[in-house]
Amino acid sequence: MKHTEIVEVLRLTNYGQTVTVCGWVRSRRGNKNVSFIALNDGSTINNIQIVADAERFTDDDLRLVTTGACLSATGRLVESMGKGQSVEIQAEKITVFGAADPQTYPLQKKGHSLEYLREIAHLRPRTNTFGAILRIRHNMAIAIHTYFHEHGYFYFHTPLITASDCEGAGQMFQVTTKNLYNLKKDKDGQIDYSDDFFGKMTALTVSGQLEGELGAMALGKIYTFGPTFRAENSNTPRHLAEFWMIEPEVAFIQKDELMDLEEDFLKFCVSWALEHCKDDLRFLNDMFDKTLIERLKSVVDTEFVRLPYTEGINILHEAIRNGHKFEFPCNWGDDLASEHERYLVEEHFGKPVIMTDYPKEIKAFYMKLNDDQKTVQGTDVLFPAIGEIIGGSVREEDYDKLMAEIDRRQIPMKDMWWYLDTRRFGSAPHAGFGLGFERLMLFVTGMQNIRDVIPFPRTPKNAEF
Ligand code: 4AD
Ligand code: MG
């Protein structure tokens, strides 16, 4: 069907020409002389108004033109007298492609709660809110590819099915073709994977980092951008079982350059949203969070704090001495809870914090050990309203030190030999990080729940749609 997208039509100024638009009816109002149809095709948050005069269209012609129906309208483009729009279409022909019964169509004109919309995730992209979020999501993906491409990184595809647990947290979803009720066991009663599809235990990846490091050891600078899976049974507004992660890995850089990269990259992404998603951000700002755009601008304009973990703990202890109450303990060696992260970011500093040099016991095996033998060169970025948005580190490039840590943690060597080869043959200093795409989306859209920034969220007990 030859038609013009609504985003284009709204920019036209040569009134009088005939245009055809297609889309879904957001609302229809009017009187016995005229109907006004607000039509949206997803190309923009803005609707085009279709004016249908009773002289041309009978009630019967417009019987199926109800909220949710899909139609095409052809007519003359005219300057609009109405508020909030520059042009409208004086309809000459309307063709309904698909009706939507007003008795049963779940999205009526009145606003619905985000909780309700999660139950109809198959239809929620048709709302203003989710249209805006999903267009922003697309733009953020383009921002990420643009940033890395323009900085000389190569997009490197790491496997989704793997036999190694990168983060060592035991949160993997197994992949098998076996009949789970009739598993082959060895004489000790252990599952015998030798007759499974891959001949070994496999699972969905929790991170592309280990293979990403192999890429960086050959191409210099790579990034991954793909789905990752974690079977962490945490029903929080910040965790998904399936989320998208961006993982750059860079040879020949050290901790300061890694932090520079984290900061520069995040600022680029947020600036991109401010520049390319103006209408959608304005809508979310006005509807949900009046400080959203201001908060995005402040991140772009501010220098991130760089804070060693040990100093962070001191600040938290100082806060406790001054009467601040935390629910969870924060002694040296503890993993910080989000209340601690948010205290540092939102109350103490009032800006993003890159926290560095964590106790090695609370971080993964691959992080570079500091000379104190107690801390490792992690560089997590903590954001206002979000907490941890990036997890990063300098990698341990020394074979013996890395091997010692693998032994100490009893990580099976049969899973790791290929990773260790990077340290045996032409090892290099290198570093990288992982950005949770949906955490970035939470920040950029101002949404409160991670289930609302991905089209079809996967969380414990929920794999609908
Ligand atoms: O801190 P994490 O676990 O780090 C890694 O996986 C490293 N291998 C990354 C690297 O250095 N290449 O995860 C990285 C980021 C977190 O900071 C968070 O933003 C996001 O991934 N993330 C999640 N997002 C949504 N749901 C979950 N369950 C997430 N777990 C981590
Ligand atoms: Mg982390």
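Which residue stands opposite glycine 387 in β15? The partner is phenylalanine 383. The model discussed here is predicted. This briefing covers paired strands, nonpolar cores, a surface patch, one helix and its cover, and salt bridges.

**Strand β15 and its partners**

- Strand β15 spans residues 387-394, and six of its eight residues are buried, so the strand is largely enclosed by the rest of the structure.
- On one side of the pairing scheme, β14 (residues 375-383) joins β15 in the antiparallel sense through four bridges.
- The hairpin formed by β14 and β15 has three residues between the strands, and alanine 385 adopts a positive phi near 70° there.
- Strand β15 also pairs with β16, again antiparallel, over five bridges.
- Within that second pairing, alanine 431 of β16 is the residue opposite valine 394.

**Strand β3 and its partners**

- Strand β3, made of residues 48-53, is mostly covered, with five of its six residues buried.
- Six bridges link β3 to β2 (residues 34-40), and the two strands are antiparallel.
- In this pairing, isoleucine 48 of β3 has leucine 39 opposite.
- The pairing of β3 with β5 (residues 87-98) is parallel and comprises three bridges.
- Valine 51 has glutamine 90 of β5 as its bridge partner.

**Nonpolar cores**

- In soluble globular proteins, nonpolar side chains tend to be buried together.
- The largest nonpolar core contains 63 residues, and the members that touch the most others are Leu281 and Ile389.
- Beyond its neighbours within four places in sequence, leucine 281 makes contact with Ile136, Ala273, Leu274, Leu292, Ile293, Leu296 and Val444.
- Another core of 22 residues lies apart from this one, and its members include Val25, Ile50, Ala52 and Val65.

**Nonpolar surface patch**

- Leu160, Ile161, Phe197 and Phe198 together make a nonpolar surface patch of about 390 Å².
- Phenylalanine 198 is located in the loop between β8 (174-175) and β9 (202-204).
- The relative accessibility of phenylalanine 198 is 41%, and the residue therefore counts as partly exposed.

**Helix α4 and its cover**

- Helix α4 covers residues 209-219, and its buried residues are Gln209, Leu210, Glu211, Gly212, Glu213, Gly215 and Ala216.
- The elements covering these buried residues include the strands β7 (161-162), β10 (221-229), β11 (242-251) and β16 (430-436), together with the helix α11 (417-424).
- Glycine 220, just after α4, has a positive phi of about 90°.

**Salt bridges**

- The structure contains 24 salt bridges.
- An α-helix has 3.6 residues a turn, so residues three or four places apart point the same way.
- In helix α5 (residues 255-276), glutamate 263 and lysine 267 are separated by about one helical turn because they are four residues apart.
- These two residues, glutamate 263 and lysine 267, form a salt bridge whose closest N and O atoms are 2.8 Å apart.
- Glutamate 263 and lysine 267 are both buried.
- Arginine 282 and aspartate 286 lie four residues apart in helix α6 (residues 278-287), and hence about one helical turn separates them.
- The salt bridge between the side chains of arginine 282 and aspartate 286 has an N to O distance of 3.5 Å.
- Arginine 282 counts as partly exposed because its relative accessibility is 44%, and aspartate 286, at 41%, is likewise classed as partly exposed.
- Helix α8 (residues 309-321) holds both glutamate 318 and arginine 321, which are three residues, about one turn of the helix, apart.
- Glutamate 318 and arginine 321 form a salt bridge, with 3.0 Å between the closest N and O atoms.
- Glutamate 318 has a relative accessibility of 39% and counts as partly exposed, whereas arginine 321, at 60%, counts as exposed.
- Elsewhere, Asp260, Glu263, Lys267 and Arg306 are joined into one network by salt bridges that share partners.

Technical notes. Residues are numbered from 1 along each chain as its sequence is written. Chains are lettered from A and ligands numbered from 1 in the order in which they are written. This is a predicted model: local features need pLDDT of at least 70, side-chain atom pairs count only at pLDDT 80 or more; totals for chains, interfaces and linings use all residues. Side-chain values use heavy atoms; hydrogens and water are left out. Buried means under 20% relative accessible area, exposed over 50%, partly exposed in between (1.4 Å probe, protein chains only). Two strands pair if DSSP finds at least two bridges between them. A nonpolar core is a set of buried Ala, Val, Leu, Ile, Met, Phe, Trp, Tyr and Cys residues joined through side-chain atoms within 4.5 Å. Contact means heavy atoms within 4.5 Å. Patches are made of residues with over 30% relative accessible area and no salt bridge: like charges are joined within 9 Å, nonpolar side chains (Val, Leu, Ile, Met, Phe, Trp, Tyr) within 5 Å. Accessible areas come from the Shrake-Rupley method with a 1.4 Å probe; for residues, only the protein chains shown count as cover. A salt bridge is a side-chain nitrogen of Lys or Arg within 4 Å of a carboxyl oxygen of Asp or Glu.
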